[in-house]
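Hello,

Here is the structure I promised to pass on to you. Please open it alongside this message, and then read on for what turned up in it.

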Amino acid sequence: MPYYLGIDGGGTKTKCAVGDERVVLATATAGPSNIVRVGEQKSRESLHQCVRQACGFAGITPDQIVRTCIGGSGAARPELAAIVRGIVSEIIPTPVEVVGDMETALEAAFGDGPGVIVIAGTGSIAYGRDQQGRTIRAGGWGFAIGDEGSAHWIGRETVAALLRASDQGDERHGELLGQLFKVWGVSSVIDLARAANAIPPPDFSALSHAVIASNDELACRVLADAGRELARTAEIVVRRLFALDSPDVIPVATTGGVFRHAEAVRQAFYNELQRLGLRVVIHEQIIEPVEGALRIARRADTRM
C-alpha cells in the first residue's frame, strides 16, 4: 500500500499528516520550520522530528513514503524550496514537492474549485482561484512592510499603540503592558521600546497571544483592526478575480492561528466583508493546510 506525507511548515509550528490513498493515518506537530524566520538548522530539527513522529504514529518508516508535499510560507521561492527539499530528502528518499502554504491551504479549502483563502498566522496573505483556474494573491510581503492582520502585525501594532498611550499619560493599560513585559522579559516602557527596535527585530508574533487573551480596550481595537485589514486584503483578490455583477456567491475560507484563536478578529473580518458589499459566503470551519498538502502529494503520485 502506498503512503503519502503532507507537511505544513509555519513560523510557529510544523504539522505533518501521513495517509494512504484514502484516509489520514496519523498526524504530528513540531516546532517552527519557516526557514526565513528560524534558519536552516531549526527548520531541519522541526521537519525531521515531525516526519519521524507522524510516521511512527502511523506504524511506518519514512522510507515507505512514496510522495511528499510541503507547503510553507515563502517556501515556493526556488532557492528556499531547494533547501527545504534537501532537508526532507535526508530522511525521505522518494520525491518531495515544495509549494507555498497558500497553495496547500487553497487545496484544503476548495480542492480544484474556485474560492479565496485568507491566511493569518505568523504572517498573512490572501490567495484565490476563479472558475477558469486563474490565480491571484494579495499581501504576504513580509513582516517589515506588510503581513497586515498577522500575529506579527498584531504584536507590533499593540506595542506602538501602548507607547503612544504612554506619551499621552494614559495609564489604563497596565495589565496589558505587564503581560507584554513578561513575554519579552522587560520591566518598563523604555525597555519595551528598546526591545521593539532591536537588531535583529524581536519576535512580535509572540506578543499576540497576550493581546488576544486581553480584555483591554486597546487590545480589542488592535484585533478589530486586524480583522478589517485581512478583509481588505481578501477584497483585493475577490475584485480582481470575480465578476461582481454575477449572481454567483464567492466562497471564502480562513486559516492560521490568528483566525483560530481570536474571535474578535474573525468577527471584524466577517463584518468588514459584509460592509464592503461583496457577495461572499464564508466557511465557518478553520482550514487545515496540511490536509491540502496531503491531497497534492496523492494527486502528484497519480500523474507520475
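Below are some notes on the pockets, the nonpolar cores and one serine. Please keep in mind that this is a predicted model.

Let me begin with the pockets. The largest pocket has a volume of about 1,100 Å³. It is lined by 46 residues, and G11, S73, D101, T122 and G123 are the closest to its centre. Several elements give two or more residues to this lining: β1 (3-9), α1 (35-58), α3 (101-110), β7 (124-129), α7 (208-213) and α9 (257-261). Of these, α9 gives the most, with four residues. By type, the lining divides into 23 polar, twelve nonpolar and eleven charged residues.

The second largest pocket holds about 230 Å³ of space. Its lining has 14 residues, with E103, E107, R129, I296 and R299 the closest to the centre. Here β5 (96-100), α3, β7 and α11 (289-303) each supply at least two residues, and α11 gives the most, with four. This lining divides into seven charged, five nonpolar and two polar residues.

Next, the serine. Where does S150 sit in the chain? S150 is in the loop between β8 (135-139) and α4 (151-167). Is S150 buried or exposed? Its relative accessibility is 0%, so S150 counts as buried, the cut-off being under 20%. Leaving out residues up to four places away in sequence, S150 touches G121, T122, G123, S124 and V258. Two of these contacts, T122 and G123, were named above among the residues closest to the centre of the largest pocket. If you would like a sense of distance, S150 and Q41 are 109 residues apart in sequence, and their C-alpha atoms are 25 Å apart in space.

Finally, the nonpolar cores. The largest one has 50 residues, and V118, W184 and F269 have the most contacts inside it. Helix α8 (residues 217-241) gives the most to this core, with eleven residues. A second, separate core has 25 residues, including A28, L80, I87 and V88. Back in the largest core, F269 is a good residue to click on: apart from neighbours within four places in sequence, F269 is in contact with V118, G227, L230, A231, A234, V252, T254 and F259. So you will find V118 twice, as a contact of F269 and as one of the residues with the most contacts inside the core.

Enjoy looking around!

Best wishes

Conventions:
Residues are numbered from 1 along each chain as its sequence is written. This is a predicted model: local features need pLDDT of at least 70, side-chain atom pairs count only at pLDDT 80 or more; totals for chains, interfaces and linings use all residues. Side-chain values use heavy atoms; hydrogens and water are left out. Buried means under 20% relative accessible area, exposed over 50%, partly exposed in between (1.4 Å probe, protein chains only). Contact means heavy atoms within 4.5 Å. A nonpolar core is a set of buried Ala, Val, Leu, Ile, Met, Phe, Trp, Tyr and Cys residues joined through side-chain atoms within 4.5 Å. On a 1 Å grid over the protein atoms alone, a cavity is a set of points where a 1.4 Å probe fits but cannot get out, and a pocket is an open set with protein on both sides within 12 Å along at least five of seven lines; lining residues have an atom within 4 Å of a point. Grid points are joined across faces, edges and corners, and a volume is the space filled by probe spheres set on the points. Ala, Val, Leu, Ile, Met, Phe, Trp, Tyr, Cys and Pro count as nonpolar, Asp, Glu, Lys and Arg as charged, and the others, Gly among them, as polar.
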